[in-house]
Structures are given as C-alpha cells and as structure tokens.
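Work through the exercises below with the model open. Each task is followed by a stepwise solution.

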Amino acid sequence: MLVVIMRAARFLEHVVVQTPEQQRLYFPCHAWFGEADCGGMRGPLERNLLPLAPGADVVAEPVRLTASGVAVPHPDKIRQDGAKGVNRKGFGHGGEDAYFYAEGRNGVFAMGVADGVFMWRESGIDSGNFSRALMRLSESSVRGGCSDVVRVMQDAAAGAKAAGVQGSSTVCIVLVDQEGGQLYAANLGDSGCLLLRPASQAPQGGAGAAGGAAAGAGAGAAALSEPGMHDLHGAAIPEHSQTSLLSHSSQPAFTVKFRTNQLEHDFGRPYQLGHHAAADSVEKCDVATQPVRPGDVIVLGTDGLLDNLSDVEIAEEVAELRATGAGPFAIAQRLARMAFEAAYDKYRSTPYSAAASAHFDMVYSGGKPDDITVVCAVCE
C-alpha cells in the first residue's frame, strides 16, 4: 500500500483495510509524514506500507540491534584467483557475495545480502562489483534517512544503473524500526531472511509466517506449523522450512517466526536485479513485515547458506549458541562454517538436494558449494 499525505504533517500509527472478502489487513506505520508546523518532526510525504502476515502478532516492543556478518568465497575462487573474504564492521564481501549492516539517523537498523551471478565472467563482467554496489548504495540510502525498505532497494538499483555497473545479483534487504519494534523485508531471488524467536515467547503452537506479497500486489503469506501444510497458492511447504522444532532439554528452543519467500523463474534461475534487459525489476520483490521483540534473532543469508542448511538446523544452532550467551559474531561465524561443511558432504540431505530431487525427478544428495554469506542480528 502506498500512502501519500498531501498537506501538513501527520503521525500515522497504522492503517486497517477490509477487503471485499471481509478480510482485515493491518498495515503498521508508526511514522511521521511531512514536517510539523512546530518543527522537529519531519518525514517523507509518501511511504510504502507492508501488510502483516496473517496470524502475526500486532503488538511489538522497542528493540536495540547488534549485528555481525561474514562472507566466505567459494574455495575454487581462492585457489584459482586468490580471492579472499573481506569482512569489516558494517560491510563485507567474498566472491560475488556482499553484505552490509548499518543504523540510520532515524533509528532504523538495516541489513542486506546480495549474491552476484558468477556466469557473467564468461562475458568479462565481474558481478561482484554489482552486488557490492547494491550493498553500498543501500547503506547510503539508509544512512540518508530512508526508512522504506522498497525505496532502499529502488535507490540501490537506480544508483548502480546510473554508475554503469554491470552484472546481476539477487538481493535481500531488511529494515528494523527499533523504536516501533517492526521488521520490514524486501527480497528478490533466492537469498533470504529468517526471524527466530525463543519458543517461550512464541504463541502456543509455534506458528510462523513465510513471506509476504509482491511489492505492487496485495498481502500474501503462509502459516507454518505442522508438516504437510501449504501456502496460499496451494504449493506444498518443504519440511525443512517448517517450524515445529524439538530442542535438547538443556537449552531453549527457537521457532522460525518468519521467513522470506524465495523467488525463482525456474530451478537455479532466481529473480535478480541487473544491467541487462532480461533483469527483474524491484517491483517484483517479495515484501513483508513482522513485529520483533527482545530476544529475537534475525539471520540473513545468500543461497550458500540457505541451500545447505535447513531452517530447522539454523534455528537449533542459534538456540544452542544463545544458551551459552553467544552474540551475533559467533552465530554468523558458526552458521557459515556449518554451511561450508554441509556443502561438501556428498551424503547429506540438504535443502538443495531436496529441491534438485524434486525438479529432476531423481534422488540427489549432498550440498552445493558456493560463496557463503551470513548476517546475524540479535534484538535486545
């Protein structure tokens, strides 16, 4: 939903819309539009509002985020090209992957991951330049005060085009309004975001939600809890994405409260931004919003993570690490290592092997070696 304020400043808490099917859609906002007459309060005149996924909690709590990231290149790129992962506070890259995390001047905390397409090398193009540009430009947009996750992605895509950067890349961007306790996600391609919550804080049944809607479309989401469930389009939800978790009795379990949808034209052909005519537009991205609470853990990853570790494996590892008091740095490092080990295990059952088996109608096992990028944030 695009909200436009034409006159004096207004503070908008939320919008509730009732559809012809009598479904009530809740669009949180908690933001100023325009400049107040008394000064001191200023916001944009228009803002994209995202609907809460069905079954999501309406009540949110203020949070403060701390984050860390890690990018690891494919080993072949290290051997052949001497490529190294570059990991600094707030920004990093490895191979064609890149990430960022930053806090804007308006208290919005932002994170993103991007996965450039390696095959552009055959045309003499390094897609790593494109993914890195998207992350740098996203960071600049957020630091400049943008709090609209779709607009941040639009700013990044427009900036890369204006600079003449070539290549293509998937991209996932997440903004968290720390004062309002609200997460906003925009995803294009097969990278993604998981919102993990201690089971003791989750509603009875531990239901989570997957994905949202296309940026220019209405609400859409899938409730996850029991095996054999389906999303709103009737597609079966893979068991590795379902969130009924059993954890060791000595540690608290985490549930997958929310997960972005992966967008692919076909198996191995994810949606992506790019300089070429066949690239996808920002308007095709999947968008969603969820309340966050203290204790929540947010994990972003490229397909190097999500192809090799299931949602359940990620949640269980986060639970084990948080039980020891580990923070985002240790979690990101551990998940990247686990994904690397799974990628080279020929006999392991992975999300990639399950998807390949279904697509090619054959039995496939093992992981998928790739660049691996993980960003983790802990809500306090």
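**Exercise 1.** Locate Arg132 in the secondary structure, then decide whether Arg132 is buried or exposed.

*Solution.* This is a predicted model.
Step 1: Arg132 sits in helix H2, which covers residues 127-143.
Step 2: The relative accessibility of Arg132 is 18%.
Step 3: Buried means under 20% relative accessible area. Arg132 therefore counts as buried.

**Exercise 2.** Which residues does Arg132 touch, leaving out those up to four places away in sequence?

*Solution.*
Step 1: Apply the contact cut-off, heavy atoms within 4.5 Å.
Step 2: Read off the partners of Arg132: Phe91, His93, Gly95, Ala98 and Asp126.

**Exercise 3.** Place Tyr364 and classify its accessibility. Then name the surface patch that includes Tyr364.

*Solution.*
Step 1: Tyr364 belongs to the loop that links helix H7 (351-360) to strand E23 (372-379).
Step 2: Its relative accessible area is 32%, so Tyr364 is partly exposed.
Step 3: Tyr364 joins Phe360 and Met362 in a nonpolar surface patch. Together the three have about 300 Å² of accessible area.

**Exercise 4.** Summarise the chain: how many helices and strands, what share of residues is buried, and what surface is exposed?

*Solution.*
Step 1: The chain has 7 helices and 23 strands.
Step 2: Of its 380 residues, 54% are buried.
Step 3: The exposed surface is about 16,700 Å², with 52% supplied by carbon and sulfur atoms.
Step 4: Take the contacts between residues at least 6 apart in sequence: 69% of them join residues at least 24 apart.

Key: Residues are numbered from 1 along each chain as its sequence is written. This is a predicted model: local features need pLDDT of at least 70, side-chain atom pairs count only at pLDDT 80 or more; totals for chains, interfaces and linings use all residues. Side-chain values use heavy atoms; hydrogens and water are left out. Patches are made of residues with over 30% relative accessible area and no salt bridge: like charges are joined within 9 Å, nonpolar side chains (Val, Leu, Ile, Met, Phe, Trp, Tyr) within 5 Å. Accessible areas come from the Shrake-Rupley method with a 1.4 Å probe; for residues, only the protein chains shown count as cover. A salt bridge is a side-chain nitrogen of Lys or Arg within 4 Å of a carboxyl oxygen of Asp or Glu. Helices (H or I, at least four residues) and strands (E, at least two) are DSSP runs, numbered from the N terminus. Buried means under 20% relative accessible area, exposed over 50%, partly exposed in between (1.4 Å probe, protein chains only).
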